[in-house]
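Let's take a walk through a protein together, one stop at a time. Have the picture open while you read, and look up each residue as it comes along.

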Amino acid sequence: MNSITLTAVGQSTYHDDRTPLFLEVVYNDEVYNWFLRMPPTYEGSFNTYIASKEQAVYDDIEAKLQIWNNLDPKTRVIEGNTPEETVVVDIQKEEIVCPTYPDYYVKRAMEYPTPGNQLDAYWKGGADRDAMQAKIEAIKVKYPKDSP
């Protein structure tokens, strides 16, 4: 039976004001350490938020399991300074089947112009405002909401 259990609640960070929720997910009799990020505007409980995202978590795990299962070989080459130092290592399942972070939210936040620069452009209006809107829209296109 699949299940999700909240194991810890973290602190938000500079580029990410969402609350990290650390989870233990049992999916098809395997246990995965996972996390979600709850928006600061969410008004429900942690458990309500987790329940609303439960299927999305299972779908994410399933998609990453497919990537893992299709990976052949399950190794990677780490190159050293010389050919003798080159090593082939196994890729661990946990490297593939894991939460995606940073996700679109953090990637956008790191590329957006500072709030001061945005306000300045909007205050000036005209071409400055239009250029700022174009820059922000380009970032949103680059990192759509449903992207990892």
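**A walk from strand to pocket**

Start by finding Arg37, which sits in strand S3. Keep in mind as you look around that this is a predicted model. Is Arg37 buried or exposed? Its relative accessibility is 15%, and buried means under 20%, so Arg37 counts as buried. Its side chain makes a polar contact of 3.4 Å with the side chain of Asp16. Leaving aside neighbours within four places in sequence, Arg37 is also in contact with Arg18, Thr19, Pro20, Tyr49 and Tyr101.

One of those partners, Arg18, is our next stop. You'll find Arg18 in the loop between strand S1 (3–9) and S2. With a relative accessible area of 6%, Arg18 is buried too, because the cut-off is under 20%. Which side chains does the side chain of Arg18 meet in polar contacts? One is Asp16, at 2.7 Å, and another is Asp103, at 2.9 Å. So Asp16 is a shared partner here: its side chain makes polar contacts with the side chains of both Arg18 and Arg37, two residues that are buried because each falls under 20%. If you skip residues up to four places away in sequence, Arg18 touches a whole crowd, including Ser12, Met38, Pro39, Pro40, Tyr105 and Val106.

Now move over to the largest nonpolar core, which has 18 residues. Leu23, Val25, Tyr32, Trp34 and Ile61 touch the most other members. Strand S2 (19–27), strand S3 (30–38) and helix H1 (46–70) each give two or more residues to this core, and H1 gives the largest share, with 7 residues. Take Val25 as an example. Not counting residues up to four places away in sequence, Val25 touches Tyr32, Trp34 and Ile61, and its other contacts include Ser3, Ile4, Val57 and Tyr58.

Our last stop is an open space: the second largest pocket, with a volume of about 330 Å³. Of the 13 residues lining this pocket, Tyr14, His15, Ala109, Tyr112 and Pro115 are the closest to its centre. Helix H3 (104–111) and helix H4 (115–124) are the elements that give two or more residues to the lining. Which of them gives the largest share? That's H3, with 4 residues. As for the chemistry, the lining of the second largest pocket is made up of 7 nonpolar, 3 polar and 3 charged residues.

Definitions and conventions. Residues are numbered from 1 along each chain as its sequence is written. This is a predicted model: local features need pLDDT of at least 70, side-chain atom pairs count only at pLDDT 80 or more; totals for chains, interfaces and linings use all residues. Side-chain values use heavy atoms; hydrogens and water are left out. On a 1 Å grid over the protein atoms alone, a cavity is a set of points where a 1.4 Å probe fits but cannot get out, and a pocket is an open set with protein on both sides within 12 Å along at least five of seven lines; lining residues have an atom within 4 Å of a point. Grid points are joined across faces, edges and corners, and a volume is the space filled by probe spheres set on the points. Ala, Val, Leu, Ile, Met, Phe, Trp, Tyr, Cys and Pro count as nonpolar, Asp, Glu, Lys and Arg as charged, and the others, Gly among them, as polar. A nonpolar core is a set of buried Ala, Val, Leu, Ile, Met, Phe, Trp, Tyr and Cys residues joined through side-chain atoms within 4.5 Å. Buried means under 20% relative accessible area, exposed over 50%, partly exposed in between (1.4 Å probe, protein chains only). Contact means heavy atoms within 4.5 Å. A polar contact is a pair of N or O atoms within 3.5 Å; within protein, one must be able to donate a hydrogen and the other to accept it, and residues adjacent in sequence count only if both atoms are side-chain atoms.
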